[in-house]
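Dear colleague,

Please find below the sequence and structure that I am handing over to you. My notes on what was found follow directly after.

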There are 2 protein chains.
Amino acid sequence: MATSSTVENYLKAIYQAQSAAEDKQALVPMGHLASALGVVPGTATTMVKTMVGSGLVAYEPYSGVRLTEAGEHLAAMVLRRHRLVELFLVQIMGMSWAEVHEDAEQLEHAVSDRLIDRIDQLLGRPAVDPHGDPIPDPEGIVAQHLHKNLLTCPVDTDLVVTRVLNQDADFLRFLEQHELKPGQAIKVIARDASADSVSILSSGNHQVTIGTRAASKLLVEI
Amino acid sequence: MATSSTVENYLKAIYQAQSAAEDKQALVPMGHLASALGVVPGTATTMVKTMVGSGLVAYEPYSGVRLTEAGEHLAAMVLRRHRLVELFLVQIMGMSWAEVHEDAEQLEHAVSDRLIDRIDQLLGRPAVDPHGDPIPDPEGIVAQHLHKNLLTCPVDTDLVVTRVLNQDADFLRFLEQHELKPGQAIKVIARDASADSVSILSSGNHQVTIGTRAASKLLVEI
DNA sequence: AAAAATATTTTGACATATCAAAACTAAAAT
DNA sequence: ATTTTAGTTTTGATATGTCAAAATATTTTT
Ligand SMILES: [Mn+2]
Ligand SMILES: [Mn+2]
Ligand SMILES: [Mn+2]
Ligand SMILES: [Mn+2]
């Protein structure tokens, strides 16, 4: 019954792929799962089959995999631990938001319920982590905000960065340097389809131009 | 090269058995190692052989096992992480000294060098953990205090509890209730060989009688 | 509709970690 | 000096997690 950290990683990867998809009921293709976990596709197929045996996922050969109720709850608990740990490392331990992801990747499997509750309490039952990712509550329920990204939001309007959908340390440091962390006020001043770029004005009247790939990872609210 | 948590647990168990022995060069018998780790003797034999292959231990069939230089250093690092985490959980997270051992048992394998250094710094480079166990420095060097226990210390003399050689939560709670935590002042008022007991007077003029088995686990200085 | 390309599953192998039970060694007792 | 006992090692299995490469299935292109 005690889910291994490998199984926890599979659960988390399936959960996140499901969340990212438009259709929340869609199956996650095995190839996607395998590459998210850094294993060959055959390995993912084998693991998913044993997870079917544990009642954690539903699996359709040649189509993909989806979490069951039980699997979804466990996945949410892993994500809850990951995100609370990240916020803890930033707020209490004074670590950089760019580097906490790797640490949390390990600690999410090692922190007990007792400790995670202490952390939650110490941080004041926070709703989001340092990257703006929502923290599931102890029942696994996640507040669903519908944020726009820098490609879909209105131009020349006051915005606040709310979430970053990319854990790459260099990218996070880049955002920090250009005052684009969650909570900071910005404005999209131009979008150029042919140049594949978006130009942003930060609160400190700093101007940056980034590619659309990166722009799609920055979520904002008005 | 990245030592698994299983190997880390073997290293730690061998290290602690070596430390507890009078002769620090003595071999640790396989039976002792196996029972410390909760595995059958055959399992320990197999694991120890693979650890010989990694240069972590020296092994004499039918005699026992001993750490190499490399093994001793790694073991000290595991212990360093374990003890810093325990102190952190007590001092910063406000957990009870009786319950932190289980959490540390998992976290010792998951905290990064970066994080452990932050913890060390935040705690002010402490020398001992909540149970009085010495914390190895980053080079693996341990300050060796020669404390007496309640069976070998002088009677009717002012003492201070310095260390508890038993992580059992119930025992630790018992000590706490009777004001016998590390740092607290006590006095041995009587030792009765035939009754197998030791009577103690705490700073709050509280009196308790405990068995010699328990008394041998309480270290003090004068 | 057939061929080509892409994705997935299966097969056989391997590494790690474990146990049960048989075989063996060493130490203690008679 | 045997015998008994206690401790240790070996052998044969099992569970988990992984890969390489072959076999299949599905989708796309022609
Ligand atoms: Mn993260
Ligand atoms: Mn995050
Ligand atoms: Mn401990
Ligand atoms: Mn301790």
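In this predicted model, an N or O atom in the side chain of Y62(B) lies 3.4 Å from a sugar or linking oxygen of DNA strand C. Two threonines approach the phosphates of the strand instead: a side-chain N or O atom of T43(B) is 2.8 Å from a phosphate oxygen of DNA strand C, and a polar side-chain atom of T45(A) is likewise 2.8 Å from a phosphate oxygen of DNA strand C.

Both protein chains supply elements with two or more residues in the surface near DNA strand C: helix 2 (30-37) and helix 3 (41-53) from chain A, and helix 1 (5-20) and helix 3 (41-53) from chain B. Helix 3 of chain A gives the largest share, four residues.

Around DNA strand C there are 20 residues, of which G31(A), K49(A), Y59(A), S4(B) and T43(B) come nearest. Of the atoms of DNA strand C that come within 4 Å of the protein, 85% belong to sugar and phosphate. Sorted by class, this surface consists of 11 nonpolar, eight polar and one charged residues.

A separate note concerns N9(A), which belongs to helix 1 (residues 5-20) of chain A. N9(A) counts as partly exposed because its relative accessibility is 24%, a value between the limits of 20% and 50%. Leaving aside residues up to four places away in sequence, N9(A) touches L37(A), E105(A), E108(A) and H109(A). The C-alpha atom of N9(A) is 25 Å from that of L123(A), a residue 114 positions away along the chain.

With kind regards

Key. Residues are numbered from 1 along each chain as its sequence is written. Chains are lettered from A and ligands numbered from 1 in the order in which they are written. This is a predicted model: local features need pLDDT of at least 70, side-chain atom pairs count only at pLDDT 80 or more; totals for chains, interfaces and linings use all residues. Side-chain values use heavy atoms; hydrogens and water are left out. Buried means under 20% relative accessible area, exposed over 50%, partly exposed in between (1.4 Å probe, protein chains only). Contact means heavy atoms within 4.5 Å. A residue is near a molecule or strand if one of its heavy atoms lies within 4 Å of it. A polar contact is a pair of N or O atoms within 3.5 Å; within protein, one must be able to donate a hydrogen and the other to accept it, and residues adjacent in sequence count only if both atoms are side-chain atoms. Ala, Val, Leu, Ile, Met, Phe, Trp, Tyr, Cys and Pro count as nonpolar, Asp, Glu, Lys and Arg as charged, and the others, Gly among them, as polar.
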